[in-house]
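This report describes a sheet, the helix lying across it and one residue outside both. The sequence and structure come first.

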Amino acid sequence: CDRAFQIDRFHMDRALQNRPCSRIYTQAMENALAGVFADVLFVAEVDGRTAGYYSGRREHMDGLSIWVGHAISAAVSDAFRGRGVFKGLNAHLMHWFQAHCRLAEMGTYISNNPIHQTWIRERLPIVRCNHMLAYFRE
């Protein structure tokens, strides 16, 4: 997990060191494994090695009386990139959303072209865009 993240808000910030940033995502995966914050965690294995993961959760929107799914975090090890690992994980998460939610939302960073390409090929429309501003405090 430490080496799988490259395109994310922490690793792209030149003011931050990689190790603490990677630890944040490792902790997120550990929380997903423990059932904290995530409701589901899919792990991809290739040739007996962990190749990637994708976690998701759902929340009930009381005002609309529906369950909404949220993709939380995904990563694919550099050794397995370009081999369809994320595509397979995405398919599993989408099936889970279809079984448990009325609506699902997934997001990624504007520079994460591999994810955009997967979603475009799967005919998942882009329906909104957020602009995130961040600053580093010493």
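## A hairpin in the sheet

Glycine 56 stands opposite alanine 71, which belongs to E3. Strands (E, at least two residues) and helices (H or I, at least four residues) are DSSP runs numbered from the N terminus. The model is predicted: local features need pLDDT of at least 70, side-chain atom pairs count only at pLDDT 80 or more, and totals for chains, interfaces and linings use all residues. Residues are numbered from 1 along each chain as its sequence is written, and side-chain values use heavy atoms, with hydrogens and water left out.

Ten bridges link E2 and strand E3 (residues 66-76) in the antiparallel sense. Two strands count as paired if DSSP finds at least two bridges between them. E2 and E3 make a hairpin with four residues between them, and serine 65 in its turn has a positive phi of about 55 degrees.

## The neighbouring hairpin

Strand E1 (residues 40-46) and strand E2 (residues 49-61) run antiparallel and are joined by seven bridges. Phenylalanine 42 has tyrosine 54 in E2 as its bridge partner. Two residues lie between E1 and E2 in this hairpin, where aspartate 47 in the turn has a positive phi of about 50 degrees.

## The whole sheet and helix H2

The sheet is open and has four strands in the order E1-E2-E3-E4, with mixed pairing. At its edges are E1 and strand E4 (103-105), each of which pairs on one side only. From one strand to the next, the twist averages 25 degrees.

Helix H2 (residues 85-100) lies across E1, E2, E3 and E4 and runs at about 25 degrees to E2. Axes are lines fitted to C-alpha atoms, for helices over the stretch in contact, and angles run from 0 to 180 degrees between N-to-C directions. Contact means heavy atoms within 4.5 Å.

## Leucine 124

Leucine 124 is in the segment after helix H3 (113-121). Is leucine 124 buried or exposed? Leucine 124 counts as partly exposed because its relative accessibility is 24%; buried means under 20% relative accessible area, exposed over 50%, and partly exposed in between (1.4 Å probe, protein chains only).

Leaving out residues up to four places away in sequence, leucine 124 touches Asn90, Met94, Met106 and Trp119. The C-alpha atoms of leucine 124 and methionine 106 are 9.7 Å apart, and the two residues are 18 residues apart along the chain.
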